[in-house]
Amino acid sequence: MKVRLIGGVVVELSDDPASKFHPDIAKEFVAVPKGVPEGFGVGYRLEGKNWIAPLASASADQAEPEPAFRLKLTPSEFRNAFSAFEEVAIVEFSAGQSESDSAEQKTLRKVIGVFFDRIKDPHLTTVDLTDPRNLAGLDILVSVGILTPERREVIARGLPG
């Protein structure tokens, strides 16, 4: 079994991430050593070499604690995660073109344009940061130099719960 961690917390599990995720996402998965606790899964966090279980669910008469970060955002919240400079870079990159662009560069420009056009769709109610397509979009922004890997992680982490 392999897991994908964000901020040291398990967000996805897969026996074969290479066949289920974009290659950039698939390479983020790490093997889990034998002997993980029973019930191991999403929400566990890695501290040193130890896997720590998420907080036990609250009893029926207690409110459940809020998660540390929300991974489902409104389109407006998601767009606001980007700085104005990053948004301008996205718009300029997707709109730009040059005769010297390779076929890959032309495709990346279109993909980034489509990615952000989806966010502007009035029918969209949620941007799910666990969706591999959204994470792949962030990865593409890193690959073309619009985001740094550190900024990508900040955006992919979501908003405080």
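Which residues does Val127 touch, not counting residues up to four places away in sequence?

1. Contacts of Val127. In this predicted model, Val127 touches Leu71, Lys72, Leu73, Thr74, Pro75, Phe78, Ile119 and Asn134, when residues up to four places away in sequence are not counted. Val127 belongs to strand 8, which covers residues 127-128. With a relative accessible area of 2%, Val127 counts as buried, because the limit for that class is under 20%. Between Val127 and Gly158 there are 10.0 Å in space, C-alpha to C-alpha, and 31 residues in sequence.

2. Overall architecture. The protein contains seven helices and nine strands. Its C-alpha trace spans about 60 × 35 × 25 Å along the principal axes. The chain has 161 residues, and 30% of them count as buried. Among contacts with a separation of 6 or more, 61% are made by residues 24 or more positions apart.

3. Surface and charge. About 10,100 Å² of the protein is accessible surface, and carbon and sulfur atoms hold 55% of that area. The protein carries 19 positive and 24 negative charges, and the mean positions of the two sets lie 3 Å apart.

4. A nonpolar surface patch. Three residues, Met1, Leu13 and Val42, form a nonpolar patch on the surface. Together they present about 260 Å² of accessible area. Val42 is located in the loop that runs between strand 3 (29-31) and strand 4 (45-47). The relative accessible area of Val42 is 53%, so this residue is classed as exposed, the limit being over 50%. Val127, by contrast, is a buried valine at 2%.

5. Asp101. This residue lies in the loop between helix 4 (84-95) and helix 5 (103-120). Is Asp101 buried or exposed? Its relative accessibility is 12%, and Asp101 therefore counts as buried. Leaving aside residues up to four places away in sequence, Asp101 touches Lys106 and Arg109.

6. Salt bridges of Glu47 and Glu77. Twelve salt bridges are found in a search of the whole structure. One of the pairs joins Glu47 to Arg45, with 2.6 Å between the closest N and O atoms. Both partners are partly exposed: Glu47 has a relative accessibility of 40%, and Arg45 has a relative accessible area of 33%. Glu77 is paired with Arg70 in another salt bridge, where the closest N and O atoms are 2.9 Å apart. Here Glu77 counts as partly exposed at 23%, and Arg70 is likewise partly exposed at 29%.

7. A salt-bridge network. Which residues are linked with Arg152 and Glu153 in a network of salt bridges? The network also includes Arg4, Glu12, Glu28 and Asp139. Within it, the side chains of Glu153 and Arg152 meet at 2.9 Å, N to O. The two partners differ in their accessibility class: Arg152 is buried, at 3% relative accessibility, whereas Glu153 is partly exposed, with a relative accessible area of 29%.

8. Points to inspect in the model. Two residues in loops may be viewed side by side: Val42, which is exposed, and Asp101, which is buried. The pair of Glu153 and Arg152 joins a partly exposed residue to a buried one, while the pair of Glu47 and Arg45 joins a partly exposed glutamate to a partly exposed arginine.

Technical notes:
Residues are numbered from 1 along each chain as its sequence is written. This is a predicted model: local features need pLDDT of at least 70, side-chain atom pairs count only at pLDDT 80 or more; totals for chains, interfaces and linings use all residues. Side-chain values use heavy atoms; hydrogens and water are left out. Helices (H or I, at least four residues) and strands (E, at least two) are DSSP runs, numbered from the N terminus. Buried means under 20% relative accessible area, exposed over 50%, partly exposed in between (1.4 Å probe, protein chains only). Contact means heavy atoms within 4.5 Å. Accessible areas come from the Shrake-Rupley method with a 1.4 Å probe; for residues, only the protein chains shown count as cover. Lys and Arg count as positive and Asp and Glu as negative; His and the chain ends are not counted. The place of a charge is taken as NZ of Lys, CZ of Arg, CG of Asp or CD of Glu. Patches are made of residues with over 30% relative accessible area and no salt bridge: like charges are joined within 9 Å, nonpolar side chains (Val, Leu, Ile, Met, Phe, Trp, Tyr) within 5 Å. A salt bridge is a side-chain nitrogen of Lys or Arg within 4 Å of a carboxyl oxygen of Asp or Glu.
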